[in-house]
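Let's take a friendly walk through this structure, starting from an empty space inside and moving on to the helices. Have the 3D view ready to turn as you read.

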Amino acid sequence: NHKLIPRRPRWRSSGRSSKGSKEKDRRFSLGEAMIRFGEQCLETRKGITTLRLVGEDITEISQVPDETAARCSVVLLSNNAIRATPQCGLEWMKFRQLQSLSLTQNRLEYLSDVTETLGIIGPQLRLLALDGNAATWVPGYRARVLSLAPKLERLDGRPVSIEAVAQAQARDRR
């Protein structure tokens, strides 16, 4: 007996479309994904709300519903195609309870893509995962992130020491 388990529908924006299609230029926002999947992308356990949209071809952080963002403590957006956009800073401001963020394997190319977001949400973050993005290969990446997110306990799966944060902040003041 083989049961077919229905899969959640996926939006394709990765450019793997047929010739002549404009689908490869299609942007798919976090807000659109949240609306499309509804409560299915949210999970609350012990008072902690997690937003999980992993591998859904999201390209930008925009159009996020305020009331949903405000209650999320954990946001998991790994394996998408997210790039920084001018409005993404304003969108991150909606995540007032955010403590854990995973944006691994996306398209954050520049350190400024990361620092702009961390300037807004960094002070409250405890866990941050950005590995697999080009921005993490920039010299000084870890120190810059630690200076903007001083309460981090883990960065890219590695523990963060109080001394490392103090050194990063001292370097940043120079």
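**A cavity and three packed helices**

Fifteen is a good number to begin with: the largest cavity is lined by 15 residues, and those nearest its centre are Trp92, Leu103, Leu108, Asp113 and Thr117. Two elements give two or more residues each to this lining, namely helix H3 (88-92) and H4. Of the elements, H4 gives the most, with four residues. Bear in mind as you look that this is a predicted model.

How would one find such a space? Rolling a probe the size of a water molecule over the atoms shows where empty space is left. Counting cavities of 30 Å³ or more gives one here. The volume of the largest cavity is about 110 Å³. What kinds of residues make up the lining of the largest cavity? They divide into 12 nonpolar, one polar and two charged.

Now stay with H4, but turn to its helix neighbour. Two packed helices are described by the angle between their axes and the distance between the axes. Helix H4 covers residues 111-121 and helix H5 covers residues 141-148; their axes come within 9 Å and cross at roughly 15 degrees. Angles under 35 degrees count as roughly parallel, and H4 and H5 are therefore roughly parallel to each other. Their crossing is right-handed.

Which residues bring H4 and H5 together? From H4 come Leu111, Val114, Thr115 and Leu118, and these meet Tyr141, Arg144, Val145 and Leu148 in H5. Sorted by character, the residues of this contact are six nonpolar, one polar and one charged.

H5 also leads on to another partner. It packs with helix H6 (residues 162-173) at an angle of about 95 degrees, and the axes of H5 and H6 are 8 Å apart. Because angles of 65 to 115 degrees count as roughly perpendicular, H5 is described as roughly perpendicular to H6. On the H5 side, the contact is made by Ala143, Arg144, Leu146 and Ser147. On the H6 side, the contact residues are Ala164, Val165, Ala168, Gln169, Arg171 and Asp172. The residues of the contact of H5 with H6 divide into five nonpolar, two polar and three charged.

One residue is worth finding in your viewer before you finish: Arg144 of H5 takes part in the contact with H4 and also in the contact with H6.

How values were computed
Residues numbered from 1 in each chain as written. Predicted model: local features only at pLDDT ≥ 70, side-chain atom pairs only at ≥ 80, totals over all residues. Heavy atoms only, no water. Axes fitted to C-alpha atoms, helices over the stretch in contact; angles between N-to-C directions. Parallel < 35°, antiparallel > 145°, perpendicular 65-115°, else oblique. Left-handed = near helix turned anticlockwise from the far one by under 90°. Contact = heavy atoms within 4.5 Å. Nonpolar A, V, L, I, M, F, W, Y, C, P; charged D, E, K, R; others polar. 1 Å grid on protein atoms, 1.4 Å probe; cavity = no way out; pocket = protein on both sides within 12 Å on 5 of 7 lines; lining within 4 Å. Points joined across faces, edges and corners; volume = space filled by probe spheres on them.
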